[in-house]
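Q: I work at the bench and would like a close look at one part, the beginning of the chain. Please start there, and then lead me through the rest as one connected story.

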There are 2 protein chains.
Amino acid sequence: MTTIQDIADKLGISKSTVSKALNDAPDISETLQKQVLETAVELGYTKLRRYKKPVRKLCVIVQRDNIEYEEPHHFAYDIVMGFRQAAVPAGFEVAVVPVDAALQRDISYDVFMLQHDFAGAFLLGFSLGEPWMKDLKTSHTPTALYDNHIIGNPMTSYVGIDNEEGMYLAIGHLKSLGHKKIGYISSALGSHIMQVRHRAFFQAMRSHGMKTDPSFAGCSYYLSECMEKHLPRFLDMGMTAVICCQDTFASAAITQCQQLGCRVPDDLSIIGFDDIPLSAYTSPPLTTVRQNRIQLGKSGFNTLNGLMNGVSTGTILLHAELVVRSSTARCPVPVPVQYDS
Amino acid sequence: MTTIQDIADKLGISKSTVSKALNDAPDISETLQKQVLETAVELGYTKLRRYKKPVRKLCVIVQRDNIEYEEPHHFAYDIVMGFRQAAVPAGFEVAVVPVDAALQRDISYDVFMLQHDFAGAFLLGFSLGEPWMKDLKTSHTPTALYDNHIIGNPMTSYVGIDNEEGMYLAIGHLKSLGHKKIGYISSALGSHIMQVRHRAFFQAMRSHGMKTDPSFAGCSYYLSECMEKHLPRFLDMGMTAVICCQDTFASAAITQCQQLGCRVPDDLSIIGFDDIPLSAYTSPPLTTVRQNRIQLGKSGFNTLNGLMNGVSTGTILLHAELVVRSSTARCPVPVPVQYDS
């Protein structure tokens with residue numbers, strides 16, 4: 001186990017200087033403090049193992065550009081609340097820390113965690129290309145990630161819902177309504193979860209014995225492109241149902257259909273993913289795959305607590321639940337063409 | 001919620017007769033008892049919800065034809081122990097119930113559980129084609145399954161290790177030793193876990209940027225066929241490393257190599273899966289992907305306890321760990337052909 005002496009030896013400075021730097025003393029220069037913290041991290045030093053009384057500070061780190069959490073109608077609000085509901089009674093302080101890519105480039109993940117005395121974190125909204133996602137491959141800090149899977153680092157856990165199951169339930173529902181041609185609309189595949197859902201769509205179609213080929217999915221970075229390019233293409237292909245990667249896309253698809261003169265659900269059934277609070281209030285209300293966000297937050301704490309106590313859970317997926325509202329209906333029967341007599 | 005009255009009404013018998021049948025009274029005929037139990041299950045009646053003081057009997061159900069658990073060197077021994085270690089302090093009685101396919105054909109899963117007063121179960125060693133696997137798709141009994149995944153039933157959980165990660169670590173290890181041509185030997189793909197590992201092999205090869213095609217895997221029902229057909233084929237193909245689906249296969253492969261005059265690890269590196277107790281004592285000792293079986297047992301109880309209390313966890317995967325012993329070594333350098341001068 002790395003000690004303060006090890007850090008002092010490596011840098012050729014005194015133990016007390018190291019200690020001061022680690023404890024944010026005012027008489028240590030910023031440059032020296034950065035050097036001490038980075039060396040500490042390099043040697044695998046963590047505060048978690050330092051005190052007999054463990055550090056009781058945890059944080060929920062939110063990538064503020066990708067996910068909102070401040071208001072009750074924001075997607076991540078209940079996730080943060082669930083985390084607090086489990087962590088606070090267990091004796092932890094919980095800080096919510098919004099970060100962006102610039103901050104991540106500025107300071108490495110472990111140094112950030114050490115500097116702020118956090119014993120562990122729950123990360124929300126990180127896409128694959130962000131700086132800290134690379135740091136997490138070798139991080140020593142216990143970290144649970146919502147909807148991200150770091151392979152090969154036993155100090156990390158992936159928490160989410162079973163999207164494979166969600167897709168299986170969604171397609172099963174459409175199949176039971178007589179639909180045969182089902183499309184999938186997605187944002188770009190730059191996040192773990194978009195890749196998972198995209199794969200799950202094709203897998204669930206196969207599991208239900210339904211025909212599919214790559215043209216059945218339309219993925220674009222811009223929502224507008226999904227609506228203006230893929231949705232009309234799907235209608236031209238004779239699709240009678242569309243599953244969207246997120247409720248926001250499904251909600252936009254309902255609006256776009258109105259503009260295209262296509263009735264939801266009479267002409268086209270639409271299913272979303274997430275069950276955000278808005279989804280009960282679209283017109284028609286959205287059939288969607290629910291994520292129980294309070295439970296996700298609690299599971300985030302439970303698995304993080306496990307990691308801090310030597311229980312090496314890599315993945316926890318909650319059951320998905322299909323919420324059937326009014327955006328899905330029986331597959332329309334083709335109207336016979338009327339010929340003039 | 002279904003009551004005893006509902007069962008009585010459906011069968012046109014008295015409440016007290018139903019109650020007697022459910023409580024195994026001696027003056028009720030076997031035929032009538034069976035009818036009551038089956039009707040109870042059909043109506044979704046479970047004893048779990050009956051008493052204010054919940055039933056505290058759980059069971060570990062072992063498919064005795066597929067998995068051994070009685071002796072400390074048996075694979076499932078530690079899984080059962082881990083389950084007990086977590087369940088008993090939480091106030092549960094734990095019975096271990098060996099079953100075979102005949103018993104499963106004889107009585108449906110929920111009827112069996114109701115008849116024996118078990119509030120929940122942890123299932124070990126079930127292959128995909130067994131009768132109870134079909135029952136579990138719609139079962140009302142809280143059930144955790146080791147290495148089996150029931151999609152779409154919120155009363156079931158899948159507990160295992162992250163095999164994708166295990167395969168990623170195994171292939172990463174071989175890659176770091178310079179291996180480029182790696183084969184995969186597997187038993188038939190009749191169980192969920194064999195399908196998962198087979199898929200994980202190809203996925204991990206791709207993740208590591210290594211070439212592969214379907215001929216790189218050899219899957220046969222009989223161990224002997226794997227050894228006599230696929231292993232020589234792999235050697236002919238110029239493979240320098242082989243990953244086996246289980247340690248027993250890896251151990252057999254080491255023996256087969258001796259007979260073929262192929263040295264392990266000098267000519268061929270071999271990696272197993274599971275880290276069964278035997279694996280430290282093969283010659284050479286086996287590099288393998290460890291499953292922490294005590295933790296698997298504990299996780300089995302934890303997720304089952306969650307299901308019984310409304311926490312709907314669908315999947316828990318523990319981190320895989322690569323144990324490097326002596327059956328893997330640097331990729332052999334091809335010996336230059338000696339020409340006569």
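A: Happy to. A helix here is a DSSP run of H or I that is at least four residues long, a strand is a run of E of at least two, and both are numbered from the N terminus. With that in hand, we can place the start of chain A: Met1(A) sits in the segment that precedes α1 (4-11). Please keep in mind that this is a predicted model. For chain A the mean pLDDT is 92, with 95% of the residues at 70 or more.

Is Met1(A) buried or exposed? Its relative accessibility is 65%, and with exposed meaning over 50%, Met1(A) counts as exposed. Along the sequence, 43 residues separate Met1(A) from Gly44(A), yet their C-alpha atoms are 8.0 Å apart in space. The other copy can be read in a similar way. Met1(B) belongs to the segment before α1 (4-11) of chain B, and it is exposed too, at a relative accessible area of 64%. Here the pair to look at is Met1(B) and Thr46(B), which are 45 residues apart in sequence and 9.3 Å apart from C-alpha to C-alpha.

A little further along chain A come two helices that touch. Helix α2(A), residues 15-22, and helix α3(A), residues 30-42, have axes that come within 9 Å and cross at roughly 95°. Angles from 65 to 115 degrees count as roughly perpendicular, so that is the relation of α2(A) to α3(A). If you would like to display the contact, pick Thr17(A), Val18(A), Ala21(A) and Leu22(A) on the α2(A) side; they meet Leu32(A), Gln33(A), Val36(A), Leu37(A) and Ala40(A) on the α3(A) side. By residue class, this contact has seven nonpolar residues, two polar ones and no charged ones.

Now let us step back to the whole chain. Chain A has twelve helices and twelve strands, and its C-alpha trace spans about 100 × 35 × 35 Å along the principal axes. It has 341 residues, of which 52% count as buried. Take the contacts in chain A between residues at least 6 apart in sequence: 69% of them join residues at least 24 apart.

Some backbone details are worth a look as you travel along the chain. As background, most residues other than glycine have a negative phi, and most peptide bonds are trans. Against that, Asp117(A) has a positive phi, near 65°. This residue lies in the loop between α6 (109-115) and β3 (120-124) of chain A, where it is partly exposed at a relative accessible area of 28%. Asp147(A) also has a positive phi, near 60°, and its place is the loop that runs between β4 (143-146) and β5 (156-161) of chain A. Unlike a partly exposed residue, Asp147(A) is buried, because its relative accessible area of 9% is under the 20% limit.

Two cis peptide bonds are also there to be found. One joins Val264(A) to Pro265(A), with omega about 5°. You will find Pro265(A) in the loop between α11 (247-260) and β9 (269-274) of chain A. For the other, move to chain B: Ser283(B) and Pro284(B) are joined by a cis bond with omega about 0°. Pro284(B) is in the loop from β9 (269-274) to β10 (287-290) of chain B.

Staying in chain B, look at Thr303(B), which is part of helix α12 (residues 293-308). With a relative accessibility of 3%, Thr303(B) counts as buried. Beyond its neighbours within four places in sequence, Thr303(B) contacts Ala144(B), Ser157(B), Val159(B), Thr313(B) and Ile316(B).

One of those contact partners, Ile316(B), takes us to the way the two chains are arranged. A turn of 180° with a shift of 0.0 Å along the axis lays chain B on chain A with an RMSD of 0.1 Å. That is the relation of a two-fold axis. Among the residues of chain B, Ile316(B) is the one whose C-alpha comes closest to the rotation axis, at 2.3 Å. The copies meet through the same surface, because 100% of the interface residues of chain B are interface residues in chain A as well. For the complex, the predictor gives an ipTM of 0.81 and a pTM of 0.84.

How values were computed
Residues numbered from 1 in each chain as written. Chains lettered and ligands numbered in written order. Predicted model: local features only at pLDDT ≥ 70, side-chain atom pairs only at ≥ 80, totals over all residues. Heavy atoms only, no water. pLDDT = per-residue confidence, 0-100. Least-squares fit on C-alpha atoms with pLDDT ≥ 70 in both. Contact = heavy atoms within 4.5 Å. Axes fitted to C-alpha atoms, helices over the stretch in contact; angles between N-to-C directions. Parallel < 35°, antiparallel > 145°, perpendicular 65-115°, else oblique. Nonpolar A, V, L, I, M, F, W, Y, C, P; charged D, E, K, R; others polar. Buried < 20%, exposed > 50% of the residue type's maximum accessible area, 1.4 Å probe, protein only.
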